[in-house]
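The following exercises are to be worked with the sequence and the model at hand. Each task is followed by a solution in steps.

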Amino acid sequence: MMAMAVRAANACSALSRSPSPPSTSCQHRFRRFLCTRRKGNSCLGFSVYGAAPRRGNGAVALSCYGLRFCSTQGLLAIVMEELQEMRASRRTKARASGNRTELVSNKDLSEEKLEKRVLQKGMLLEFRKDSERILLAVAQRPDGKKNWMVSDQNGTVSSIKPQQVTYIIPGIEGFDHSEISDFIKKTESLLDPTLIEYAWEELRETNKAVTAEELAEIIYGATESLESYCAHLLLSKDEIYFSVLESKGYCPVYGPRPVQQVEELLFRKHAKEVAEKELEEFGQLIRSAKMMPSQSKPPKHFWIGEEKIRNRVEALEAYALDRCRNDEQKKMAGNILKSCGLQKASAAAMNLLIDIGYFPIHVNLDLMKLNIPTEYSEEILLAADEVLSLQPDPDKMIRKDLTFLKVYAIDVDEADELDDALSAERMQDGRIKVWIHVADPTRLLKPQSTIDREAMKRGTSVFLPTATYPMFPEKIAMEGMSLKQGHVCSVVSVSIILREDGSIAEYEVQNSIIRPTYMLTYESASELLLLNLEEESELKLLYQAATLRFQWRLQQGAIDTGTIEARVKVSNPDDPEPLINLYVEDQSASAMRLVSEMMILCGEAIASFGCSKNIPLPYRGHPQSSTSFSAFAHLPEGPARTSTYTKVLRAAELDFRKPIRHGLLGLSGYVQFTSPIRRYLDLLAHYQVKALLRGDSLPFSAGQLEGIASMTNVKVRIAKKLSSDSLRYWLLEFLRRQPKDRKYRALVLRFIKDRLAALLLLEIGVQASASVSIGVQIGDEVDIQVEESHPRADILTVKEV
C-alpha cells in the first residue's frame, strides 16, 4: 500500500512536468486529490525543484521527478483517507439516486473523439498478433488494398489486416522500428495501474467518456505519444473501472462503469486472487508430497482433514474417475493439473494422486470408476444378524438325512465360502450314482427381503486378486450359508444315476442334510486321484462319472474349451511392492475336470426337473455357431484349438419358460444352480425349485425372472470384466518384477498377420503377441523374453529368442 502512495506521488510529479497547464475542472480535481496539503497535517509537503534528498527529525525526504515528501506513511494515510471518503460519498450518492448511473450515450460522443485515423508509413501502432500476443510495430507500406506491411518490436516483417490494429499512437511520424524497445521501456517506467482507479473516481461523477489522449491529459498532464500510449494501455488492460463505448478509426472511447458494477467486479477480482493464492499454496503442498519417499508421504487422512485441501483433492479424485459433480469441480481439478504442469486428463489426475500418496501405487482404478460396492450398510449388517439369530428353516421337517455319505468339497485354497460338494456310490447293478450337494441360502431368505434386495443389486460376488467382495455379507455367508467340514449342513441335493454311456438315467431333487468329510483344494484332490487310494474309492467314482459325462457330451456336439488359466492372490496390496502369489491351472487337469463335469451335470438335471414340472427358470443356452467346429479338427487340442473356438462362438442366451439347447455344452437344457451364494441367478433358480418342493406357489413368473435377470446380467458383465482386467494387471506387474533375461515358454495360439502370432505364456497364463520364426506353426512352443511390461498402461511387449 505504501507503493501505491509513492505511485500516486509519481503521478503528481508527472503533472508538474506538463508542458501546458491542465485546462479542465476534472484535471484540477484530480491534482487536488493527489497533491493538496490537508489542514492540520504538516508532515506532507510538495515542492517542485531538483534539490538532493535531505533527512531531518527522523523524517524521510525523497526527490523523484521534482517531488519531495517527508513521510511516505503520511502520504499513504492521506491518499487512502481521500479515497475512502470518495467511496463513501459515491455510495451515498448512489443510494440517493436509487443506484442508477447512466453513461453518456454514444450519440453524445463528439465526432472529434471518434475521428477516423488513417494509417501512414512511419506510424507507430499496436496490433494483435494472435489471441495471446499484442505487439508494437511501425507501418512500412500498404500491402494490397487494405493490408499493411509492418516491422514489429521483434524485428519481424509481416502483413497485417486492419482489424488487427488496436491503436495508432498519436504524434509520431517516421518512427524507426529499432527504437521500439526503448519506447516500451519508457512506457513501463511510467505505467501505474492504480491511476486508473483515481481517474474513475473523478470521471464517474460526471459520467464523462474519454479517449486515451484525454485520459493522458488528466492523469499525466500531457498528450504526447508516450503518455497517450500509457493511458491507452491502462484503459485497454483495465477490467474493472472502464468499458469501451465506441471504437472507430483505431480510437476507442471509454466510459466509467457504474458503482455497483465496479464493486461487483472488484469483489470477483479479489475472490479470484484469493483462489489463485490458495491454488499456489496447494500446488506447493502437492509438489512437496511428490518429492517425498513413499514411506514418508502424508497418509490419506491428511488430505481430507482440512476443508480447502479436501475439496481440491476430491476434485482431483472425481476428475480421475470421470465423476465430477459439476463444471466448477471439473474446472478446479483442471486448474490444479495445469498449475502442476500436467495435461488435463483423468490419467494425469490419477497418477498425481498416486504420487502424493493419496492412493496406493496399485490402486484399482476400475473398481472405483465402476462404483462397485465394497462394504455393507449398517442396515444390511443388522438384518443379517437378525436372520442368523433366528436361523429359520421352513424345510427342516422334510429334509432327508444324507450324513452317512462321504462328501468332498473341492475348491481353490483361498475360497471364503463353499457352496457345493460331491458324493458318489456304485449301485448293485454297476451304475454310478452321484450327488451334487448345493448350499441352501433360501432357507434363511425370502424374496424381496432386505438381504435379498441387496444381493439382487450386487448380482454376483466379485473376485479380484486383491480382495473378494461377496454378494452376501460375510457373516451370514460364512456362518449361515457356507458348507463347513465336519458340521451338519442344510443343502439341496441333486442325485443322479448315470447310464453306461454317461447320460442321465434317473435324477431326484430334494432338501437334505449332509456332513462334509473333506475340504480339498484342486491340487490335493488331483494328488488323491493320482494315488488311487482304496479308502478314497468314492473320489475315484466321481472321476469315472466325470470322464463318462465328458465323453458323452462330446458325442452330443459339446466343445472342449479347456485351457490354461492364471489365478493370482495378492497380499498387502496397498504396499508399493506387495507379495504376488501366482497359480497357473490347467482346466483339463483331473480334479478341475471332475468338478466342472459335476456342475454341468447338476445344471442339466435341474433343467430337466424344471421342464417336467413346467417351472419358469433361467434356462441358459448357447446357439450353435454358423461355422462347423469340424473345420478346426486339424488344430492341436488344448489352448490353441480353444482360442480359435472362442473367436467364432456366439453369445449365450436365456429363456425363462422352457429349456433351450446349449450347443457349447452339448446339452438340450441347462440351468446354473450350484453357486447360490455367489450368483444371484442361481439364487433365483433356488427360490423357484424350493417353492415347488415345499408345495408353495412360485415366487416369480417367467416375465418377472426375465426383468430381474436383465438388471442382474449388467452387474455380472461388469464384474467379469473387472476381474479379468484386474487379473491381467497383476500378471503384468508380476512380469515387470522378473529378471530381464528370464526366458518363458509360449504356445502359438493363432496367427494375427503374417508372422505376428498370438502367444500364451505357459508359466504365467497371460497372452501376448510377437513375431515368430518362419516354420513355426499353431500349437508349437517358442522361447520368448519380456521387453516391456507396464501394468497401468496395459502394455506387454515380448520377443522370440
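**Exercise 1. Salt bridges and accessibility**

R287 has a relative accessibility of 34% and therefore counts as partly exposed. The model under study is a predicted one.

Task: Identify the salt-bridge partner of R287, and classify E280 as buried, partly exposed or exposed.

Solution.
Step 1. The partner of R287 is E280, with the closest N and O atoms 3.2 Å apart.
Step 2. E280 has a relative accessibility of 38%, so E280 counts as partly exposed.
Step 3. This pair belongs to a structure that holds 38 salt bridges.

**Exercise 2. Salt bridges between distant parts of the sequence**

Task: Determine which parts of the chain are tied together by the salt bridge of E536 and K406, then do likewise for R736 and E577.

Solution.
Step 1. A salt bridge joins the side chains of E536 and K406, at 3.6 Å from N to O.
Step 2. E536 is located in the loop between helix 17 (522-531) and helix 18 (537-555), and K406 in the loop between strand 12 (400-401) and strand 13 (408-411); the pair therefore ties together parts 130 residues apart in sequence.
Step 3. Burial is under 20% relative accessible area. With 8% relative accessibility, E536 counts as buried, whereas K406, with a relative accessible area of 23%, is partly exposed.
Step 4. In the second pair, the closest N and O atoms of R736 and E577 are 3.5 Å apart.
Step 5. R736 belongs to helix 22 (residues 702-737) and E577 to the loop between strand 21 (564-571) and strand 22 (579-586), so this pair ties together parts 159 residues apart in sequence.
Step 6. R736 is partly exposed at 34% relative accessible area, and E577 is partly exposed at 48%.

Task: Which residues are linked with D440 in a network of salt bridges?

Solution. The network links D440 with D393, D395, R399, K690, R694 and D696.

**Exercise 3. An open sheet**

Task: For the open sheet of five strands, give the strand order and state which strands stand at the edges.

Solution.
Step 1. The order is 27-26-25-28-29, and the pairing is antiparallel.
Step 2. Strand 27 (766-771) and strand 29 (795-800) stand at the edges; each has a single partner strand, so one side of each lacks a neighbour in the sheet.
Step 3. On average, neighbouring strands of this sheet are turned by 50 degrees against each other, direction ignored.
Step 4. Within the sheet, strand 25 (residues 743-753) and strand 26 (residues 756-761) are paired in the antiparallel sense over six bridges. R750 has A758 in strand 26 as its bridge partner.
Step 5. Across strand 25 and strand 26 lies helix 20 (residues 639-648), which runs at about 35 degrees to strand 25.

**Exercise 4. Helix packing**

Task: Describe how helix 15 packs with helix 21, and list the residues that meet.

Solution.
Step 1. Helix 15 (residues 450-458) and helix 21 (residues 680-694) pack with their axes 9 Å apart, at an angle of about 140 degrees.
Step 2. This angle makes helix 15 oblique to helix 21.
Step 3. From helix 15, D452, A455 and M456 meet Y680, L683 and Y687 of helix 21. The residues of this contact comprise five nonpolar, no polar and one charged.

Task: Which residues of helix 12 are buried, and against which helices do they pack?

Solution.
Step 1. In helix 12 (residues 346-355), the buried residues are A348, A349, M350, L352, L353 and I354.
Step 2. The buried residues of helix 12 pack against helix 8 (259-291), helix 10 (307-320), helix 11 (327-339) and helix 13 (365-369).
Step 3. Just after helix 12, G357 adopts a positive phi of about 90 degrees.

How values were computed:
Residues numbered from 1 in each chain as written. Predicted model: local features only at pLDDT ≥ 70, side-chain atom pairs only at ≥ 80, totals over all residues. Heavy atoms only, no water. Buried < 20%, exposed > 50% of the residue type's maximum accessible area, 1.4 Å probe, protein only. Helix = DSSP H or I, 4+ residues; strand = E, 2+ residues; numbered from the N terminus. Contact = heavy atoms within 4.5 Å. Salt bridge = Lys/Arg side-chain N within 4 Å of Asp/Glu carboxyl O. Pairing = 2+ DSSP bridges. Axes fitted to C-alpha atoms, helices over the stretch in contact; angles between N-to-C directions. Parallel < 35°, antiparallel > 145°, perpendicular 65-115°, else oblique. Nonpolar A, V, L, I, M, F, W, Y, C, P; charged D, E, K, R; others polar.
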